[in-house]
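User: Please take a close look at how the helices pack in this model, and at the pockets left between them. I would like one connected account.

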Amino acid sequence: MSTVHIHPSRKDNHPSTEYPGLTNEFQMEHAKKVEEVRSVLKEVGEDTLKALLMIDSVQRLGIDYHFHGEIEAVLERLYTKFIKSDCHNDLYELELGFRLLRQEGYYVNADVFNNLKDKEGKVQGKISQDIEGLMGLYEASQLSIKGEDILEEMGNFSSQLLNAWNTNNDQSQARIVRNTLGHPHHKSLARFMVKSFLSDFQGTEGWINVFKELAKMDFNLVKSIHQKEIRQVSNLAKELKFARNQPLKWYMWPLAVLPHPSLSEQRVELTKPISLVYIIDDIFDVHGTLDDSLYSQKLSTDGNTRLLNHY
């Protein structure tokens, strides 16, 4: 998948054509921040947890599309350590490593979580006090596949404790726990969660500020792309007085399935047939008769029956 490259032609302060409202100066600064983050990712040493936290952060901040090569290189190195059981002593390191590797297609056996049980087969008691660890455990459980009972068990265990903890603690931490339970990363659209993660992304290490600076700039850049696309699709139904003109509703589908910023043209083109589906629905609502409705239902039922018989 290609990366969006920005090459301003001059250092003036005028909005660019490609990114309305964003100056060439802004784009040059954005490109500089991209390279700063790239250097940080390339220079990460043997600190496994730090490397995992960096990868998790760039993904949650929605800037990972700039660094596919760097992320792959780090994960390849970590995978070698992971399968040798070098990352299984620290709870958070185990959970984060499992999730990041598995969501990128690496095979990681779920049996690694048996290390969290005592000799009697019960989850170790000390884990119940580690809120960050429990959140990581719940996130990891979202990548289970059929037959992985250990992950289902860990998911239920962490969910119960987090829900119980959530009702008796400070508002800020409770909000983070609620976000984790309601929007686990693997089952969410990262682009929609960026603002929430930015507000909670704190720390004293220098790389955190570098990542946040790029994320804030990238958020504005991508927002300008999306705003431009919405303007392009906003007139699709204006000529049809009876149809609802809902460009944002139509556009959310392509945005969800084609999130990469470089796929702007594809999102706009996909919005068109999706808008047609909604417009046809409005035609039935305004002009359709009962016979028309019954006929369309029969076509839909017959079509689904043929499709099921085919498989």
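Analyst: What follows goes through three helix pairs and then two pockets. The model is a predicted one.

The helix pair α5 and α6 comes first. Helix α5 covers residues 131–141 and helix α6 covers residues 149–166. Their axes are 8 Å apart and make an angle of about 135 degrees, so α5 and α6 are oblique to each other. The crossing of this pair is left-handed. On the α5 side, the contact is made by Ile131, Leu134, Met135, Leu137, Tyr138, Ala140 and Ser141. On the α6 side, the residues are Leu151, Met154, Gly155, Phe157, Ser158, Ser159, Leu161, Leu162 and Trp165. Sorted by class, the contact of α5 with α6 has 12 nonpolar and 4 polar residues, and no charged residues.

Helix α6 also packs against α7. The angle between α6 and α7 is about 145 degrees, with the axes 10 Å apart. Their crossing is left-handed. From α6, Ser159, Leu162, Asn163, Trp165 and Asn166 take part; from α7, they meet Gln173, Ala174, Val177, Arg178 and Leu181. This contact of α6 with α7 divides into 5 nonpolar, 4 polar and 1 charged residues. Ser159, Leu162 and Trp165 of α6 appear in the contact with α5 and also in the contact with α7.

The remaining pair is α3 (residues 68–83) with α4 (residues 91–103). Here the axes lie 11 Å apart at an angle of about 125 degrees, and α3 and α4 are therefore oblique to each other. The crossing of α3 and α4 is left-handed. Leu75, Tyr79 and Phe82 of α3 make the contact with Glu93, Leu94, Gly97, Phe98, Leu100 and Leu101 of α4. By class, the contact of α3 with α4 has 7 nonpolar, 1 polar and 1 charged residues.

Several of these helices also line pockets. The largest pocket holds about 820 Å³ of space. Its lining has 31 residues, and those nearest the centre are Asp56, Arg60, Tyr92, Ile176 and Phe197. At least two lining residues each come from α2 (48–60), α4, α5, α7 (171–182), α8 (190–200) and α9 (206–233). In the lining of the largest pocket, 12 residues are nonpolar, 10 polar and 9 charged.

The second largest pocket has a volume of about 640 Å³. It is lined by 24 residues, with Gln59, Asp64, His185, Ala190 and Pro259 nearest its centre. The elements that give two or more residues to this lining are α3, α8 and α10 (247–257). By class, the lining of the second largest pocket has 12 nonpolar, 8 polar and 4 charged residues. Helix α8 thus appears among the contributors to the largest pocket and among those to the second largest pocket. Of the pair α3 and α4, α4 is listed for the largest pocket and α3 for the second largest pocket.

Definitions and conventions. Residues are numbered from 1 along each chain as its sequence is written. This is a predicted model: local features need pLDDT of at least 70, side-chain atom pairs count only at pLDDT 80 or more; totals for chains, interfaces and linings use all residues. Side-chain values use heavy atoms; hydrogens and water are left out. Axes are lines fitted to C-alpha atoms, for helices over the stretch in contact, and angles run from 0 to 180 degrees between N-to-C directions. Helices (H or I, at least four residues) and strands (E, at least two) are DSSP runs, numbered from the N terminus. Angles under 35 degrees count as roughly parallel, over 145 as roughly antiparallel, 65 to 115 as roughly perpendicular and the rest as oblique. A crossing is left-handed if the near helix is turned anticlockwise from the far one by less than a right angle, and right-handed if clockwise. Contact means heavy atoms within 4.5 Å. Ala, Val, Leu, Ile, Met, Phe, Trp, Tyr, Cys and Pro count as nonpolar, Asp, Glu, Lys and Arg as charged, and the others, Gly among them, as polar. On a 1 Å grid over the protein atoms alone, a cavity is a set of points where a 1.4 Å probe fits but cannot get out, and a pocket is an open set with protein on both sides within 12 Å along at least five of seven lines; lining residues have an atom within 4 Å of a point. Grid points are joined across faces, edges and corners, and a volume is the space filled by probe spheres set on the points.
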